[in-house]
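Trainee: I am new to this structure. Please give me a close look at one part, and tell me how the rest of the chain relates to it.

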Amino acid sequence: MDDAAQPHWMTVLPGGWRVPVAAGQTLLQAALDAGVRLPRSCRNGTCRACLARVVNGHTHHNIDWPGLLAEEKAEGWVLPCVACADSDLDLHAPGAVQLPARSGSAP
Ligand code: FES
């Protein structure tokens, strides 16, 4: 299989949940797809509700001007709603919670 098709793996800390992140997928969407809810609001990189820190690994933002200072970026802060994985990574997101497993029937 082509390496580009392989997902990167994100570990959401402090919970330790491991989440596959597909190429081009945002960290926020990958977490939600895996049943891990991160704080969020605008989903377009402006409100900073999702602010979290990459403590290992590499990411890039898929918009030119995410709502972060250069100093914050240098310290590893990212906006998961507009950030994509360039490697396996550890994301420190204290507000993350694991959603209950879906039963298959909508309420
Ligand atoms: S949800 Fe608003 S910046 Fe990420």
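Mentor: Pro 14 lies in the loop between S1 and S2. Leu 13 and Pro 14 are joined by a cis peptide bond, with omega about 10 degrees. Strands (E, at least two residues) and helices (H or I, at least four) are DSSP runs, numbered from the N terminus. Residues are numbered from 1 along each chain as its sequence is written. The model is predicted: local features need pLDDT of at least 70 and side-chain atom pairs count only at pLDDT 80 or more, while totals for chains, interfaces and linings use all residues.

Now follow the strands on either side of that loop. Both S1 (8–13) and S2 (17–21) give two or more residues to the largest nonpolar core, as do H1 (27–33), S4 (52–56), S7 (83–85) and S8 (89–92). Such a core is a set of buried Ala, Val, Leu, Ile, Met, Phe, Trp, Tyr and Cys residues joined through C-beta atoms within 7 Å. Buried means 20 or more other C-beta atoms within 10 Å of the residue's own; exposed means 12 or fewer; partly exposed is in between; C-beta atoms are placed from the backbone. The core has 24 residues, and those touching the most other members include Met 10, Val 12, Val 19 and Ala 31. H1 gives the most, with four residues.

Look at Ala 31. Beyond its neighbours within four places in sequence, Ala 31 is in contact (C-beta atoms, placed from the backbone, within 7 Å) with Val 12, Val 19, Val 36 and Leu 38.

Next, see how S8 fits in. Two strands pair if DSSP finds at least two bridges between them. S1 and S8 run parallel, joined by four bridges. Met 10 has Leu 89 as its bridge partner in S8. S4 and S8 run antiparallel, with three bridges. There, Val 54 is partnered by Leu 91. The side chains of S8 alternate: Leu 89 and Leu 91 are buried on one face, whereas Asp 90 and His 92 point to the other and are not buried.

Now the loop between S3 (36–37) and S4. Arg 43 is found there, and so is Arg 48. Neither is a glycine, yet phi is positive: about 65 degrees at Arg 43 and near 70 degrees at Arg 48. Arg 43 counts as partly exposed because it has 16 C-beta neighbours inside 10 Å.

Step back to the chain. It holds two helices and nine strands, in the order β-β-α-β-β-β-α-β-β-β-β. Of its 107 residues, 28% count as buried.

Methods
Contact = placed C-beta atoms within 7 Å.
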